[in-house]
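Q: Could you take a close look at the salt bridges here and walk me through how they sit in the fold? A look at the helix packing around them would be welcome too.

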Amino acid sequence: MLYAFFDGDNIGTTIEILLTESKTNEAIMLSENIKTVMIEIENFLETIEYVEVLISGGDDLLIHFEKIEDSDELIDIIRRMFYSKTGTSMSCGVGTDVPQSIWNLHLAKLYGKNLVRGME
């Protein structure tokens, strides 16, 4: 079994910039789009028997799943779904336990974001 921890890239910074520039409606729209897509991602994942959603909040997602042939594709689908609704990328760390997935997410962010670490 593996864990994958996802986090939207630059979400807090983007919202802060929008608010600082008095683009409140754009910040609200981004926030609403994040809420919507996270619900869509959860609903999609609930249809897959080998995936369990452990945490879903804000732009964070932690799943537990069996490593299978199309695991890479599953992670890419989640990231593409997020991008399609928000216009922002999502990084992901994968590991055999939660701490390792968090560390690999940290590395994905350090190496430039919009990356998946731990599926190598």
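A: Let's start with the network: Asp7, Asp9 and Lys109 are linked to one another by salt bridges. Keep in mind that this is a predicted model. Within that network, the Lys109–Asp9 pair has its closest N and O atoms 2.8 Å apart. Lys109 sits in helix α4 (residues 98-110), while Asp9 is in the loop between β1 (2-8) and α1 (11-20), so this pair ties together parts that are 100 residues apart in sequence. As for its surroundings, Asp9 is at 2% relative accessibility, and because the cut-off for buried is under 20%, Asp9 counts as buried.

Zooming out for a second, the structure has six salt bridges. As a reminder of the background, side chains of opposite charge can pair when their charged atoms come close.

Two other pairs are worth a visit. In one of them, Lys35 and Glu32 bring their side chains together at 3.2 Å, N to O. Both belong to helix α2 (residues 24-46), and they are three residues apart there, so about one helical turn separates them. Lys35 comes out as partly exposed, with a relative accessible area of 46%, and Glu32 is partly exposed as well, at 39%.

The other pair is Lys23 with Glu21, whose side chains form a salt bridge at 3.2 Å, again N to O. Lys23 has a relative accessible area of 33%, which puts it in the partly exposed class. Glu21 is partly exposed too, its value being 46%.

Now for the packing, since α2 has a partner. Helix α2 packs with helix α3 (residues 71-86) at an angle of about 150°, and the two axes are 8 Å apart. With over 145 degrees as the cut-off, that angle makes α2 roughly antiparallel to α3. The crossing of these two helices is right-handed.

What does each helix bring to that contact? From α2 the residues include Leu30, Ile34, Val37, Met38, Ile41, Phe44 and Leu45, along with Asn33, Thr36 and Glu40. On the α3 side you'll find Leu74, Ile77, Ile78, Met81, Phe82, Lys85 and Thr86. Sorted by class, the α2–α3 contact has twelve nonpolar residues, three polar and two charged.

So that's the tour: a salt-bridge network of Asp7, Asp9 and Lys109, a salt bridge between Lys35 and Glu32 within α2, another between Lys23 and Glu21, and α2 packed with α3 at about 150°.

Key
Residues are numbered from 1 along each chain as its sequence is written. This is a predicted model: local features need pLDDT of at least 70, side-chain atom pairs count only at pLDDT 80 or more; totals for chains, interfaces and linings use all residues. Side-chain values use heavy atoms; hydrogens and water are left out. A salt bridge is a side-chain nitrogen of Lys or Arg within 4 Å of a carboxyl oxygen of Asp or Glu. Helices (H or I, at least four residues) and strands (E, at least two) are DSSP runs, numbered from the N terminus. Buried means under 20% relative accessible area, exposed over 50%, partly exposed in between (1.4 Å probe, protein chains only). Axes are lines fitted to C-alpha atoms, for helices over the stretch in contact, and angles run from 0 to 180 degrees between N-to-C directions. Angles under 35 degrees count as roughly parallel, over 145 as roughly antiparallel, 65 to 115 as roughly perpendicular and the rest as oblique. A crossing is left-handed if the near helix is turned anticlockwise from the far one by less than a right angle, and right-handed if clockwise. Contact means heavy atoms within 4.5 Å. Ala, Val, Leu, Ile, Met, Phe, Trp, Tyr, Cys and Pro count as nonpolar, Asp, Glu, Lys and Arg as charged, and the others, Gly among them, as polar.
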